[in-house]
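User: I am new to this structure and would like a close look at a single part of it, the strands and how they pair. Please take me through that part carefully and then place it in the chain as a whole.

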Amino acid sequence: MTRRSRTLFLTAIAFLLLFGSVWILFAPRAVGGHASYVGTHGISMEPVFHTGDLVVVRQQSQYRSGEVVAYQSHLLNVTVLHRIIGRDGNRFVTKGDNNSFVDADHPLPSDIFGAEWMLIARGGTAVGWLRQPAHAVPVAVGLALVVGGGFGANSSRRRRGRNGTRHPRPPKGSAIAFGAWQVSIAALTATLLCLALTWIAFHRPSTTAKTVTYVQEGQFTYGAPVAVGPVYQRPTLATGDPIFLRLVPRLDVTFDYTFQAPGAHEVGGTVAIGVELAGANGWTRSLPEGPATTFLGDQATAGTSLDFVQLRSMITEAEKATGIVGGSYTVRIRPDLRVAGSLSGKALADAFSSPLSFNLTADQLLLAQGSTLRASKSATVTVPGATPHHLVFEGRNIDVALLRWASTIGAGFFLLTALFAALAATRKRPDRRERGRIYARYHRSLVPVTSLDGVVPIHVIEVPNFEALMRIATHYERLVLVRRDDERADTYAVEDGGVQFRYRSGRRRPQPEAAAGTPAGAAGKRWFPKDFGTRVPPKGVDYLPRHALEPCEAEEGPLLPLP
């Protein structure tokens, strides 16, 4: 494989790697990818998102509370970008961060396009600008001119021979330098990928808000001392027993409160119980409420007493005032609890109330229909930065903080690798290795000779390096003649039209006197193959001095290793 072929192959591999990475990360769903692009409008998600931003969302196998998702609203017939705050069966409950109400839509997992993956500030505005024909056409034409101009410039650089025949550009640099360029290109490609990952990681928060759910629970109990008889078998009335006013003149009611939450929390507050008496015709009267009780911790207890003699007296007064006698009456026991503190480091303040209602008749107190002795209430607290944020890729969670460090270090490492490889490729190789480099790269164009002095005097022009001499040889379609001066120095020449172009390589020592019968410049052991000087010139080469075809005289034996 030639150097040009290897370069094209490596360039194709780098392009495929880059294209594959971009496809996996950013390919839209419309063409088989996993990404969707959502432009933001309105203020429902401020201050996280603003109008004109572009949010890239990716499909996930599952979605969790606290994630920002884009879903199709069947009520509004638009794409909505809001945060998940809970579940309702197999549906999600969503809400805008800047809204005081939850969304009317409860999307199914199939309605969700994906969860937030990357935010591009003002990206939606830029996309909208490019969608306008007045802007898109000039941009497309400009890109076409740039690409077409690049191909035209590349085509014009091809050199032609004397007869107008195109020839490939001669190789430049050594095999070592070419290998270094390969490493440099690969390292630069890896650097670009790492920089892309770094940009993605630093545009995502390293931690995400954690939703902590807490539960407040209240339990009513009642009791009273009673006489043992045909109705009550025990001296104490317990919760659930029927309450007959003739046998129970006074009822004690107790309210027990419990706060439950995972994680560290400290709560406290006050609790009090109020009693209301209400008639069927709409009047209501409150009984004097006792002082509020202060509590600290997860539990609190408060109590009150129902004096049925007092309640009957209040009913009689109301009947005299209204003139309406009889009917049903309701006794409501309403706890008033205020709780405050901290949950997972987040300030907490809430209230809890679960009224208990009884129907009061002339002879009995009955639990009202729909009223329960036990009630609970759940709520959530959003704790910012409570858990590490993860990017979900192909079903795997990648920690954003770890990705930031890894991509940054990787970008720096590959960039340094590319720089050192480029320096190694451009660094001039020592003279002592030049002979081996030239032979390794250009041995098919070299012909060893014993003398460079022609029969007819010719004009000699010195060239600065061997690459310049090879360009001349390619231009004139000539082979390069090689004369060995000593163990470390050689003279290379190209002849055309009475002009000889020469390049002298290596550092020269004083030339030792040649033995009798040995041609000048032929001293020392050969370093070309034995039949190198008798090889047939390449097709199309019709000129070569006769004396240049004389093979080097050298002793029979193995070749010396290249320096």
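Analyst: Strand E2, residues 54-58, and strand E6, residues 112-120, run antiparallel and are joined by five bridges. One of the residue pairs across this junction is Val57 with Glu116, the latter being the bridge partner in E6. The model in which these pairings appear is a predicted one, and the values that follow should be read with that in mind.

The pair E2 and E6 belongs to an open sheet of six strands, whose order is E1-E2-E6-E3-E4-E5 and whose pairing is antiparallel. The edges of this sheet are strand E1 (35-39) and strand E5 (91-95); each has a single partner strand, so one side of each is left without a neighbour in the sheet. From one strand to the next, the twist averages 50°. As a general point, the strands of a sheet pair through backbone hydrogen bonds, and they may do so either parallel or antiparallel.

Between E1 and E2 there is a loop, and Pro47 is found in that loop. The peptide bond that leads from Glu46 into Pro47 is cis, with omega near 5°.

A second group of pairings is centred here on strand E11, which covers residues 265-279 and is mostly covered, since eleven of its 15 residues are buried. E11 pairs with E15 in the antiparallel sense over 15 bridges. Two of the residue pairs may help you to follow this pairing on the model: Gly279 has Tyr329 as its bridge partner in E15, and Ile273 has Pro335 as its bridge partner in E15.

E11 also has antiparallel pairings with two strands that lie between it and E15 in the numbering. With strand E13, residues 293-296, E11 is joined by four bridges, and here the bridge partner of Val271 is Thr293. With strand E12, residues 284-286, E11 is joined by three bridges, and the bridge partner of Ala278 in this case is Thr284. E11 and E12 form a hairpin that has four residues between its strands, and in the turn Gly282 has a positive phi of about 110°.

Turning from E11 to E15, one finds further partners. E15 and strand E17, residues 356-360, pair in the antiparallel sense over five bridges, and Tyr329 stands opposite Leu360 in E17. Tyr329 therefore can be found in two pairings, as the bridge partner of Gly279 and as the residue opposite Leu360, by the way bridges are assigned between strands. E15 and E16 are also antiparallel, with seven bridges between them, and Ser342 stands opposite Ala347 in E16.

The turn that links E15 to E16 deserves a closer look. These two strands form a hairpin with two residues between them, and Ser344 lies in the loop between strand E15 (329-343) and strand E16 (346-352). Although Ser344 is not a glycine, its phi is positive, at about 55°. Ser344 is partly exposed, because its relative accessible area of 28% falls between the cut-offs of under 20% for buried and over 50% for exposed.

A comparable backbone value occurs at Glu477, a residue other than glycine whose phi is positive and near 60°. Glu477 is found in a loop between a helix and a strand, namely helix H8 (466-476) and strand E24 (480-484). Glu477 is likewise partly exposed, with a relative accessible area of 23%.

To place these strands in the whole, the protein chain comes to eight helices and 26 strands. Of its 563 residues, 36% are buried. When contacts between residues at least 6 apart in sequence are considered, 67% of them join residues at least 24 apart. The chain exposes about 32,300 Å², of which carbon and sulfur atoms supply 60%.

One part of that surface lies outside the strands described so far. Phe9, Ile13, Phe15, Leu16, Leu17, Phe19, Trp23 and Ile24 form a nonpolar patch on the surface, and together these residues have about 820 Å² of accessible area. Among them, Phe19 has its place in helix H1, residues 3-26, and is partly exposed, with a relative accessible area of 48%.

Notes: Residues are numbered from 1 along each chain as its sequence is written. This is a predicted model: local features need pLDDT of at least 70, side-chain atom pairs count only at pLDDT 80 or more; totals for chains, interfaces and linings use all residues. Side-chain values use heavy atoms; hydrogens and water are left out. Axes are lines fitted to C-alpha atoms, for helices over the stretch in contact, and angles run from 0 to 180 degrees between N-to-C directions. Buried means under 20% relative accessible area, exposed over 50%, partly exposed in between (1.4 Å probe, protein chains only). Contact means heavy atoms within 4.5 Å. Accessible areas come from the Shrake-Rupley method with a 1.4 Å probe; for residues, only the protein chains shown count as cover. Patches are made of residues with over 30% relative accessible area and no salt bridge: like charges are joined within 9 Å, nonpolar side chains (Val, Leu, Ile, Met, Phe, Trp, Tyr) within 5 Å. A salt bridge is a side-chain nitrogen of Lys or Arg within 4 Å of a carboxyl oxygen of Asp or Glu.
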